[in-house]
Amino acid sequence: MDFMINMLDLRKSTLVQNKVLENIIREKGQRRKDLSKLSFKEKIHILVQLQKMARGVTKQGKAKDRGVWLI
Amino acid sequence: MLRSNKKLTECPGIAALYYIESLLTYDLDIFFIPIEDSIDVLTPIYRYLKEKGFKAKKEHVLIEGVPVQFIPVYNDLVKEAVQYSVEVKYGRIKTRVLGLEYLIAVMLQTYRSKDRERLVKIFEEAKIDLRLLKKILKKYGLYDKYVRFKEKYFGAK
């Protein structure tokens with residue numbers, strides 16, 4: 001009986017987790033859509049920020065070709 | 001050469017960024033239709049830019065801190081894509097990018113790993129004129145490839 005109860009609890013918690021994951025995935029998708037609607041200039045600004053962030057993790061030898069845009 | 005050429009269009013990387021969220025890229029490629037039939041259409045451009053003080057770095061020219069590469073249209077699809085490119089604004093500056101449906105067709109044709117990655121994002125985030133896309137893909141023999149791509153990444157036809 002205990003085992004059954006535990007299984008039910010587990011199933012419920014899995015369902016809750018799935019719901020949470022579903023929400024997270026949906027919200028992430030929505031955020032990407034929102035970001036895709038930004039102006040071209042704002043997107044270029046984000047791109048430059050990404051280049052700055054990536055600078056620290058660039059593989060050796062690749063860094064020379066992967067500079068941050070000076071705009 | 002460039003001043004008299006009205007069809008300069010930003011290539012897939014930055015063009016994709018116009019339609020979807022920002023993705024990491026490091027260069028700005030420009031497609032153009034040469035106004036003269038010549039084997040070497042790039043030398044006059046690079047010479048002109050060098051005279052203006054811009055430095056070359058491998059295949060790129062550094063313009064205002066951005067590595068720019070000029071690419072002459074290399075097949076009929078790319079040529080048509082440039083002809084039908086759309087005018088967009090970067091702040092107050094007018095520029096041109098490939099139309100979304102042509103951009104998809106060009107990326108399906110090149111189909112590098114980064115093209116596939118961008119295509120997935122485009123199909124998730126952008127509003128696509130599917131009738132126009134189908135027409136372009138059929139014209140350039142890319143429709144079957146498109147169907148396979150959709151099946152692989154979206155499990156649908």
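In this model, which is a predicted one, helices α4(B) and α5(B) cross in a left-handed manner. The contact behind this crossing draws on B:Ile104, B:Met107, B:Leu108 and B:Thr110 from α4(B), while α5(B) contributes B:Asp115, B:Arg118, B:Leu119 and B:Ile122. Sorted by class, the residues in the contact of these two helices are five nonpolar, one polar and two charged. Two packed helices are described by the angle between their axes and the distance between the axes. For α4(B) and α5(B), the latter spanning residues 113–125 of chain B, the axes come within 9 Å and cross at roughly 145°.

From this crossing one can follow α4(B) into the nonpolar core. The largest such core has 34 residues, and those with the most contacts inside it are B:Ala15, B:Leu103, B:Ala105 and B:Val106. Several elements give two or more residues to this core: α2 (40–55) of chain A, and, from chain B, α1, β2 (28–32), α3 (76–83), α4 (100–110) and α6 (130–139). The largest share, eight residues, comes from α4(B). What is B:Val106 in contact with, once its neighbours within four places in sequence are left aside? The partners of B:Val106 are then B:Pro12, B:Leu77, B:Val78, B:Ala81 and B:Leu98.

The model also shows how the two chains meet, with 18 residues of chain B in contact with 18 residues of chain A. On the side of chain B that touches chain A, at least two residues are supplied by each of α1 (12–19) and β6 (86–90) of chain B. That side of chain B is made up of ten nonpolar, four polar and four charged residues.

Elsewhere in chain B, the reader can trace a run of paired strands. Strand β3 (residues 55–57) and strand β4 (residues 60–63) of chain B run antiparallel and are joined by three bridges, and in one of these pairings B:Ala56 has B:Val61 of β4(B) as its bridge partner. The two strands form a hairpin with two residues between them, and B:Lys58, which lies in the turn, has a positive phi of about 55°. Continuing along the chain, β4(B) is in turn joined by three bridges to strand β5 (residues 66–72) of chain B, again in an antiparallel arrangement. Here B:Val61 has B:Val68 of β5(B) as its bridge partner, so that residue B:Val61 pairs with B:Ala56 on β3(B) as well. The hairpin of β4(B) and β5(B) likewise has two residues between its strands, and in it B:Glu64 takes a positive phi near 50°.

Conventions: Residues are numbered from 1 along each chain as its sequence is written. Chains are lettered from A and ligands numbered from 1 in the order in which they are written. This is a predicted model: local features need pLDDT of at least 70, side-chain atom pairs count only at pLDDT 80 or more; totals for chains, interfaces and linings use all residues. Two residues are in contact if their C-beta atoms, placed from the backbone, lie within 7 Å. Helices (H or I, at least four residues) and strands (E, at least two) are DSSP runs, numbered from the N terminus. Ala, Val, Leu, Ile, Met, Phe, Trp, Tyr, Cys and Pro count as nonpolar, Asp, Glu, Lys and Arg as charged, and the others, Gly among them, as polar. A nonpolar core is a set of buried Ala, Val, Leu, Ile, Met, Phe, Trp, Tyr and Cys residues joined through C-beta atoms within 7 Å. A residue is buried if 20 or more other C-beta atoms lie within 10 Å of its own, exposed if 12 or fewer, and partly exposed in between; C-beta atoms are placed from the backbone. Axes are lines fitted to C-alpha atoms, for helices over the stretch in contact, and angles run from 0 to 180 degrees between N-to-C directions. A crossing is left-handed if the near helix is turned anticlockwise from the far one by less than a right angle, and right-handed if clockwise.
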